[in-house]
Amino acid sequence: MRSPPVRAAKPRPRRARAAALAAAALSALPSPAAANGVFPSADQIVFDPADPARAVARMTYGLLATRDGGASWRWICEGAVGYDDTGGVAPPIAAAEGGRVLAALSDGIAIGAEGGCAFTRAAELEGKAVLDLSVRQGDPSHVVAVVAGTRHGLWASRDGGASWASAGALLPAGFQARTVDVAPSDPRRIYVSGLASGGGPAKGEIARSADGGETWETAVVPGSTTSREPYIAGVDPRDADVLYVRIASAPGRLFVSKDGGATFEPVFDTQGFVRAFAISPDGAEVAVGSDIDGVFRALSSTLSFERVSSVAPRCFAWTEAGLFACASEFLDDFTIGRSLDGGATFEPLLQQACIRGPLDCAVSTSVGALCPLDWPRIAMMTGHKDCAPDAGSPAASGGASASATGAGGATAASGGGGAAGSGGSAASGGGGAGGAPGVTAGGAQPAGGARPSDGGCGCRTGGASAGWAGAVAAACLAAAAARRQRRA
């Protein structure tokens, strides 16, 4: 008989007060800091399955792309992709065959080619609300998407998102889809999470198909409702019957099903949201992250979770190169980091002030035409600065530190070429963004003494206004206090 699910310790009152102080300070930021009312952050990261040095992160102000394993990052504006997040839109993204970056939009699928410079639309899905999409691990030519309609349905691509066709039967009547995933070990096994109303109160369900969507069965996810919706967290890369589902609310909960989504068992509870989940590429371990309780890790054979870090991840993606995480830079010193020890410590790969600028694209492309015009606003919002070291600095002379490129950590651009591809080796992480194992927390120190530390958050405001700088400083002090309480 399985032991009761791990229940993460309740946050200490002092830490809760510090977090509230940080939130209050951030809310005082002037409007350029967050045009959509959300503080700048990342919440998903995907990797090119053919080139592990290429990755794209979804930010609250567009996308960021790296072509050198995280050593440098460049911006892709929302307008170039085809959406506007002033209403809080956060389109699911995926990396597919041919270097394509796919984004699920309210009116279709955007397809990014030329390294993310040129975005077009999938003609077959133009005008349709695409709710989620997933690239099959190990076969980046196989992409599935769930599309809204009078009855929601499944669409599939067998050429990496270049062309699409309706797949199988429509989902059951009354089923409102939220997330979709395809099993790495069996392309005909497809799972969709959502809400179902059968004349009574809506409840969370999993719709599952064993024949590529030709037929569907549903099962209730215990305790899920309209305010506690179920989201697919991942499918075991070795066993298509093993499915992980998270509840998108606080308190949060993680379930596992070992019978193909017929029944579910709770394995992890937290006081906060379960925002991050990932399975190791070999399927042997799983990692889960709470925005209040930190990072937990377990063997997939036991699912006995232990807390390994106080980092509050917003997303995970686990590849052969490590566990990658999105985090709050004010609280955890990085926006995207990599761990080489299963989430115990993280080295920074992205600190937002060090974004290089818009992705370097021809003016004939959507990115090249639109993004440079809006870059001054983003530069002010992120406190843009030149992160390159002085010519005579030790980092510059040694040439070994990736901080010379503004990444904040040295090993991403070296040591195996950075991150491994999500379409191949990375396990599913709920649409996923990463987190990783084993390097001293903080990584290499950025040039100019900018490395965040326990004594401060390493914020730099560049040419921002005095009001912006003051608000950032207040947020830094609050965040530092929160960190100190968390580490006490």
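How many cavities of 30 Å³ or more does the structure hold? In this predicted model, two cavities of 30 Å³ or more are found. The second largest cavity encloses about 30 Å³ of space, and eleven residues form its lining, with Phe47, Gly69, Trp73, Phe324 and Leu349 lying nearest its centre. By residue class, the lining of this second largest cavity comprises eight nonpolar and three polar residues, whereas charged residues are absent from it.

The largest nonpolar core of the model contains 44 residues, among which Ile45 and Trp75 make the most contacts inside the core. Helix α4, which spans residues 366-382, supplies the largest share of this core, contributing six residues.

Strand β26, formed by residues 315-319, is mostly covered, in that five of its five residues are buried. In a regular strand the side chains alternate between the two faces of the sheet. For β26, burial extends to both faces, with Cys315, Ala317 and Thr319 buried on one side and Phe316 and Trp318 buried on the other. Strand β26 is joined through a hairpin of two residues to β27, and the two strands, the latter comprising residues 322-326, run antiparallel and are connected by five bridges. Within this pairing, Phe316 of β26 has Ala325 of β27 as its bridge partner. Strand β27 also bears on the second largest cavity, since its residue range is 322-326 and Phe324 is one of the lining residues that lie nearest the centre of that cavity.

Two open sheets of the model may be described in turn. One open sheet consists of four strands in the order β6-β7-β8-β9, paired in the antiparallel sense. Its edges are occupied by β6 (93-95) and β9 (118-121), and because each of these has a single partner strand, one side of each remains without a neighbour in the sheet. Direction ignored, neighbouring strands of this sheet are turned against each other by 25° on average. Inside the sheet, strand β7 (residues 101-105) pairs with strand β8 (residues 108-113) over five bridges, in the antiparallel sense, and Ala103 finds its bridge partner in Ala110 of β8.

Another open sheet, also of four strands, follows the order β10-β11-β12-β13 with antiparallel pairing. Here β10 (130-135) and β13 (165-167) take the edge positions, and each has a single partner strand, so that one side of each is left without a neighbour in the sheet. The average turn between neighbouring strands of this sheet, with direction ignored, is 30°. The edge strand β13 pairs with strand β12, which covers residues 153-157, in the antiparallel sense over three bridges, and in this pairing Ala165 of β13 is the bridge partner of Ala156.

Outside the strands, Trp216 is placed in the loop between β16 (203-209) and β17 (217-220). Despite this loop position, Trp216 counts as buried, because its relative accessible area of 15% falls under the 20% limit that defines burial. In space, the C-alpha atom of Trp216 lies 8.0 Å from that of Ala169, although the two residues are 47 residues apart in sequence.

How values were computed: Residues numbered from 1 in each chain as written. Predicted model: local features only at pLDDT ≥ 70, side-chain atom pairs only at ≥ 80, totals over all residues. Heavy atoms only, no water. Core = buried A, V, L, I, M, F, W, Y, C linked by side-chain atoms within 4.5 Å. Buried < 20%, exposed > 50% of the residue type's maximum accessible area, 1.4 Å probe, protein only. 1 Å grid on protein atoms, 1.4 Å probe; cavity = no way out; pocket = protein on both sides within 12 Å on 5 of 7 lines; lining within 4 Å. Points joined across faces, edges and corners; volume = space filled by probe spheres on them. Nonpolar A, V, L, I, M, F, W, Y, C, P; charged D, E, K, R; others polar. Pairing = 2+ DSSP bridges. Axes fitted to C-alpha atoms, helices over the stretch in contact; angles between N-to-C directions.
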